[in-house]
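These are my notebook entries on a single protein chain, written while I had the sequence and the model side by side. I took the points one element at a time and noted what I looked up for each.

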Amino acid sequence: MLERLNQAMEHIEDHLSEAVDVAALARIATTSEYHLRRMFSSLAGIPLSEYVRRRRLTVAGAEVLAGRDSLLDIAVRHGYGSGEAFARAFRAMHGVGPGEARRTGAALVSQPRLSFRLTVEGSSSMRYRVVDRPDFAVVGYKARLPLVHQGPNQPMIDFIRGLGRPALERLEKLSDQEPHGVVAVCDGLDPSRAEGTEFDYYQGAITSAAVPEGMTSLAVPAGTWAVFTTSGPAPEAIQTLWRDVFTQWFPSNPYRGRPGPEILRSRPQEGGSGADAELWLPVEREES
């Protein structure tokens, strides 16, 4: 998988002046567009579209400082329909407009080319299982929240606190299928995984019961799920699990992500210093 990702990175470099063709990149990586976007953002820490934009503006910045071509020629070559659109994008990344950068020789920001390598640590093994599930329903309370890559998601914290303990106890009683208990469910994530894009978030339960008044339901089709477990300090252990799944498990196993909700069940350990967590991700086998 990592070798194929690196071939896709080479393709990006060869076509920086063109609109990014995610379908072509997915074919090179021999995976789906959905999984490519998810894998890239998890490994690189930024969405694929943002990486391409920053690489394009890095190359454009060098051309601006070189002074051989007009700013409009550079803008058109890198896919911008006007000098104004190029100037806005250039300033957003470099903190200075292209004209001023050329006049003053200003210091610019550089996005290095990415390549992926597997680091083998061997200090621990991942605990997981793969299960096939018939269709099921998530029933609970729903909010539309922004995606936050690092640090606390304050709107999510406020939403959960606003539900109150009685609402969570209602969910506990509804649960009659695994993962049991109250679960956090993320659905409808933007394919770009860009910071600030919105998704549907549920505090809910997996249940066959009717939907109580004041709650909503998410129908989940039948499919295959990879289930990962971890224990440790919260939230560090859960954040580390998310990272390891995409940087270690997916590159080493014949599975890829598929569209669908991502489900987290977390329970505090005695004393409140840590948590036991179970992460359910929708997957499908890679084609041979």
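**Helix 9**

I began with the length of helix 9, which covers residues 236-252: at 1.5 Å a residue its 17 residues should span 24 Å, and I find its end C-alpha atoms 23 Å apart, which agrees. I note at once that this is a predicted model, and I read every entry below with that in mind.

I then looked up where helix 9 bends, and found a kink of about 40° centred on Val245. Val245 is also among the buried residues of helix 9, and I listed the others alongside this residue: Ala237, Ile238, Leu241, Asp244, Phe246, Trp249, Phe250 and Pro251.

**The strands around strand 9**

Which strands pair with strand 9, and in what sense? Strand 6 (residues 223-233) runs antiparallel to strand 9 and is joined to this strand by 10 bridges; within that pairing I found Thr224 standing opposite Val283. Strand 7 (residues 255-257) is likewise antiparallel to strand 9, with 3 bridges, and here Gly257 is the residue that stands opposite Val283. Strand 8 pairs with strand 9 (residues 274-285) in the antiparallel sense over 6 bridges, and I marked Arg267 as standing opposite Asp276 of strand 9.

I followed strand 8 (residues 262-268) outward to strand 3 (residues 183-187), to which it is joined by 3 bridges in an antiparallel arrangement; Ala184 stands opposite Leu264 of strand 8. For the burial of strand 9 I wrote down that the strand is mostly covered, with 9 of its 12 residues buried.

**Empty space**

I looked next for enclosed space, and the structure holds 1 cavity of 30 Å³ or more, the volume of the largest cavity being about 40 Å³. Its lining consists of Tyr34, Arg38, Phe246, Phe250, Gly257, Arg258, Glu262, Leu281 and Pro282. Helix 3 (33-44), helix 9 and strand 9 each supply at least two residues of that lining. I recognised Phe246 and Phe250 in this lining from my list of buried residues in helix 9, and Gly257 in this lining from the pairing opposite Val283.

The largest pocket has a volume of about 1,800 Å³. How many residues line the largest pocket, and which of them lie nearest its centre? I have 47 residues in the lining, with Met156, Ile238, Gln239, Trp242 and Leu264 nearest the centre. The elements giving two or more residues to this lining are helix 3, helix 8 (154-174), strand 3, strand 4 (198-206), helix 9, strand 8 and strand 9. Helix 3, helix 9 and strand 9 had already come up in the lining of the largest cavity.

**Two residues of helix 4**

Is Arg55 buried or exposed? Arg55 lies in helix 4, and I count this residue as buried because its relative accessible area of 8% is under 20%. Leaving out residues up to four places away in sequence, I found Arg55 touching Glu13, Leu16, Gln111, Pro112 and Arg113.

Glu63 is also found in helix 4 (residues 48-66), but this residue is partly exposed, since its relative accessible area of 22% falls between the cut-offs of 20% and 50%. Beyond its neighbours within four places in sequence, Glu63 is in contact with Ile74, Arg77, His78 and Arg102. I looked up the last of these contacts separately: Glu63 and Arg102 are 39 residues apart along the chain, and their C-alpha atoms are separated by 9.5 Å.

**The whole chain**

I closed with the overall figures, beginning with 9 helices and 9 strands. The C-alpha atoms fill a box of roughly 70 × 45 × 35 Å, taken along the principal axes, and buried residues make up 45% of the 288 residues. Of the contacts with a separation of 6 or more, I noted that 73% come from residues 24 or more positions apart; the contact of Glu63 with Arg102, 39 residues apart along the chain, is one I had already entered.

How values were computed
Residues numbered from 1 in each chain as written. Predicted model: local features only at pLDDT ≥ 70, side-chain atom pairs only at ≥ 80, totals over all residues. Heavy atoms only, no water. Helix = DSSP H or I, 4+ residues; strand = E, 2+ residues; numbered from the N terminus. Expected span 1.5 Å × (residues − 1). Bend = angle between axes of the 7 residues up to and from the residue. Buried < 20%, exposed > 50% of the residue type's maximum accessible area, 1.4 Å probe, protein only. Pairing = 2+ DSSP bridges. Contact = heavy atoms within 4.5 Å. 1 Å grid on protein atoms, 1.4 Å probe; cavity = no way out; pocket = protein on both sides within 12 Å on 5 of 7 lines; lining within 4 Å. Points joined across faces, edges and corners; volume = space filled by probe spheres on them.
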